[in-house]
Amino acid sequence: MAQQKVYQHLEFRGSSFHFWRRIPKFFYKTIQTRFLLFALRAHVVSEAEVLARPLTSLTQSPRF
């Protein structure tokens with residue numbers, strides 16, 4: 001059986017992929033939203049991974 005790959009922070013909505021990330025509680029009080037959601041406008045998972053990689057690295061930094 002083929003193993004299915006898990007794509008962190010990617011969600012397929014409608015006809016394209018979106019970057020989805022939960023915001024830490026200390027930021028939630030400041031900006032009044034719980035999630036970051038960006039439309040990547042990519043229809044192929046390999047393109048979405050490339051587009052999501054810099055967003056993931058920015059949101060994993062100690063400042064975030």
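Helices are DSSP runs of H or I with at least four residues, and they are numbered from the N terminus. By that numbering, T59 belongs to helix 2. The model shown in these views is predicted.

**View 1. Overall fold of the chain, with two helices and three strands.** Along the sequence, these elements follow the pattern β-β-α-β-α. The chain has 64 residues, and 22% of them are buried. Its accessible surface comes to about 5,400 Å², and carbon and sulfur atoms account for 57% of that area. Of the contacts between residues at least 6 apart in sequence, 43% join residues at least 24 apart.

**View 2. The open sheet, formed by three strands in the order 1-2-3.** The pairing in this sheet is antiparallel. Strand 1 and strand 3 are the edge strands, since each of them pairs on one side only. From one strand to the next, the twist averages 30°. Strand 2 covers residues 16-22, and five of its seven residues are buried, so the rest of the structure largely encloses this strand. In a regular strand, side chains alternate between the two faces of the sheet.

**View 3. The hairpin of strand 1 and strand 2.** Strand 1, residues 10-13, pairs with strand 2 in the antiparallel sense, and four bridges connect the two. F12 has F17 of strand 2 as its bridge partner. L10 stands opposite F19, which is also in strand 2. Two residues lie between the strands of the hairpin, and G14 takes a positive phi near 65° there.

**View 4. Pairing of strand 2 with strand 3.** Strand 3 spans residues 35-39 and runs antiparallel to strand 2. Five bridges join this pair of strands. One of the residues to locate here is R21, whose bridge partner in strand 3 is L36.

**View 5. Helix 2 across the sheet strands.** Helix 2 is made up of residues 45-59 and lies across strand 1, strand 2 and strand 3. Relative to strand 2, helix 2 runs at about 20°.

**View 6. Surroundings of T59 in helix 2.** Is T59 buried or exposed? Its relative accessible area is 9%, and buried means under 20%, so T59 counts as buried. The side chain of T59 makes a polar contact of 3.0 Å with the side chain of R21. R21 is the residue whose bridge partner in strand 3 is L36. The T59 side chain also reaches the backbone oxygen of T56, at 3.1 Å.

**View 7. The salt bridge between the side chains of E11 and R13.** The distance from N to O in this salt bridge is 2.4 Å. The count of salt bridges in the model comes to one. The two side chains are listed as a polar contact as well, again at 2.4 Å. E11 has a relative accessible area of 26% and R13 one of 40%. Partly exposed covers values between 20% and 50%, so both residues fall in that class.

**View 8. Surroundings of R13 in strand 1.** Which residues does R13 touch, not counting those up to four places away in sequence? They are H18 and L37. The C-alpha atoms of R13 and A39 are separated by 9.1 Å, although these residues are 26 apart along the chain. At 40% relative accessibility, R13 is partly exposed.

Definitions and conventions
Residues numbered from 1 in each chain as written. Predicted model: local features only at pLDDT ≥ 70, side-chain atom pairs only at ≥ 80, totals over all residues. Heavy atoms only, no water. Salt bridge = Lys/Arg side-chain N within 4 Å of Asp/Glu carboxyl O. Buried < 20%, exposed > 50% of the residue type's maximum accessible area, 1.4 Å probe, protein only. Pairing = 2+ DSSP bridges. Axes fitted to C-alpha atoms, helices over the stretch in contact; angles between N-to-C directions. Contact = heavy atoms within 4.5 Å. Areas by Shrake-Rupley, 256 points an atom, 1.4 Å probe, with all protein chains shown as cover. Polar contact = N/O pair within 3.5 Å; in protein donor to acceptor, adjacent residues only side chain to side chain.
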